[in-house]
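Colleague: I should like to learn how to read the features of a structure I have not seen before. Could you show me the model and guide me through it?

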Amino acid sequence: MVQGPRGAISTVLVGFGHGGRVFHAPLIAHDPRFELAAVVVRSADRRRAARTAYPDAAVVGSIDEALAAVPDLDLAVISTPNATHAALAASALGRGLHVVLDKPFVVHADDGERLIEAAQAAGRLLVPFSNRRWDGDYLTVRSMVESGALGRIRTFESAMESWKPSITKPWKRDAGPGAGGGVLYDLGPHLIDQALSLFGPAVPAFADLRIDRAGGTADDTVFLVLQHLGGVTSTLHAGTLAPQVRSRFRVTGDDAGLTVLGTDPQEGLLAAGMPPGAVTGAQAGAHGLLGRDGHLEPVPIDPGAYPSFYEGVAAAIEGGPVPVAAEDALAVVRIIEQVHASFPARPR
């Protein structure tokens with residue numbers, strides 16, 4: 001039987017793909033308030049990788065096997081294919097565990113509502129992993145918006161684009177929107193959550209979802225317009241077939257504009273094996289420009305802070321507020337469902 005240090009939050013990580021291996025496992029292991037006690041993974045290759053990287057963890061095939069090896073588990077972190085999130089989260093809550101649930105929170109809003117009710121009934125936490133709230137570029141935008149330097153905000157533009165002509169994960173390649181497939185379910189949760197977090201509730205005013213890959217089953221290019229109840233208009237771009245990417249953010253206010261170029265480096269550095277505590281700052285060349293044409297000033301990019309998420313989870317388990325509310329993630333899923341219903345993807 002695996003025994004953890006006294007007082008640590010005993011954690012099982014469900015899934016050891018990119019999300020589990022690059023984000024969750026390093027962040028959990030980095031924080032002394034947590035113990036990565038078990039990893040649930042079925043792939044033989046990923047089991048070997050998990051055992052090599054975390055030799056003190058029990059590497060098993062199910063949550064029940066994890067509880068048999070570590071009966072005093074406190075927290076389940078779920079980072080598995082999108083369509084499995086709801087069932088796995090319900091299973092973990094039913095076994096008395098707090099839950100961190102990777103994006104998208106769920107595929108269908110009805111499932112999210114049931115999960116929130118189950119967590120409340122069980123007296124357990126249900127926390128979405130909205131890690132992009134701690135991107136350095138986003139933190140910079142939030143700081144500038146809240147400072148009033150831009151005046152009253154009129155428009156917010158945000159883009160997450162890349163050039164990835166091939167899809168290596170079978171479930172991503174084959175899943176349609178009903179199973180959480182496509183870029184809107186993949187990158188959309190980050191973009192929509194950031195917009196809602198900055199400017200409040202919104203409704204989708206327009207969307208263009210395209211299937212640009214020959215034979216594709218789900219959207220790989222997305223343009224989405226959100227109309228916030230407070231008056232701001234957000235335009236969001238997501239895609240994996242962009243030979244040249246847009247600026248990461250562009251914000252227009254009555255007094256000034258803000259453009260942020262470059263991307264947050266934390267994911268790439270974590271993937272390269274850098275410890276979370278060393279992953280700060282902005283990617284080389286990333287910078288912001290504030291003001292009006294002819295009167296632009298450089299703006300330094302704030303350091304990223306992914307460890308802050310699990311610091312918040314630990315504080316919430318001890319009785320503090322959650323770092324991200326489940327209701328926030330549910331609002332994102334509702335928008336995604338509305339977009340798919342009103343603006344279905346078009347093949348090229």
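Modeller: The following turns take up a sheet, a helix, two single residues, a pocket and a cavity. This is a predicted model, in which local features need pLDDT of at least 70, side-chain atom pairs count only at pLDDT 80 or more, and totals for chains, interfaces and linings use all residues. Residues are numbered from 1 along each chain as its sequence is written, and side-chain values use heavy atoms, with hydrogens and water left out.

Colleague: How should a sheet be read, and in what order do the 6 strands form the open sheet?

Modeller: Helices (H or I, at least four residues) and strands (E, at least two) are DSSP runs, numbered from the N terminus. Two strands pair if DSSP finds at least two bridges between them. Here the order is β3-β2-β1-β4-β5-β6, with parallel pairing. β3 (58-60) and β6 each have a single partner strand, so one side of each is left without a neighbour in the sheet. On average, neighbouring strands of this sheet are turned by 25° against each other, direction ignored. β5 and β6 pair over 3 bridges; in one bridge, leucine 101 has proline 128 of β6 as its partner.

Colleague: Which strands does α11 lie across?

Modeller: Axes are lines fitted to C-alpha atoms, for helices over the stretch in contact, and angles run from 0 to 180 degrees between N-to-C directions. Contact means heavy atoms within 4.5 Å. α11 lies across β1, β2, β4, β5 and β6, and runs at about 160° to β5.

Colleague: Which residues of α11 are buried?

Modeller: Buried means under 20% relative accessible area, exposed over 50%, and partly exposed in between (1.4 Å probe, protein chains only). In α11 (residues 307-317) the buried residues are Pro307, Phe309, Tyr310, Gly312, Val313, Ala314 and Ala316. They pack against β1 (9-14), α1 (18-30), β2 (34-40), β4 (75-78), β5 (98-101) and β6 (126-128). Glycine 319, which follows α11, has a positive phi near 115°.

Colleague: Why does valine 322 count as partly exposed?

Modeller: Valine 322 counts as partly exposed because its relative accessibility is 33%. This residue is in the loop between α11 and α12. Leaving aside neighbours within four places in sequence, valine 322 is in contact with Leu125, Val127 and Ala316.

Colleague: Is threonine 140 buried or exposed?

Modeller: Threonine 140 counts as buried because its relative accessibility is 2%. It belongs to helix α6 (residues 136-147). Apart from neighbours within four places in sequence, its contacts are Val299, Pro300, Ile301 and Asp302.

Colleague: How are pockets and cavities read, and what is the volume of the largest cavity?

Modeller: On a 1 Å grid over the protein atoms alone, a cavity is a set of points where a 1.4 Å probe fits but cannot get out, while a pocket is an open set with protein on both sides within 12 Å along at least five of seven lines; lining residues have an atom within 4 Å of a point. Grid points are joined across faces, edges and corners, and a volume is the space filled by probe spheres set on the points. The structure holds 3 cavities of 30 Å³ or more, and the largest has a volume of about 100 Å³. Its lining includes Lys103, Phe129, His190 and Val332. α9 (188-199) gives the largest share of that lining, 3 residues.

Colleague: What is the volume of the second largest pocket?

Modeller: The second largest pocket has a volume of about 200 Å³. Among the residues that line it are Arg250, Thr259 and Asp293. β11 (249-253), β12 (257-261) and β13 (287-292) each supply at least two residues of this lining.
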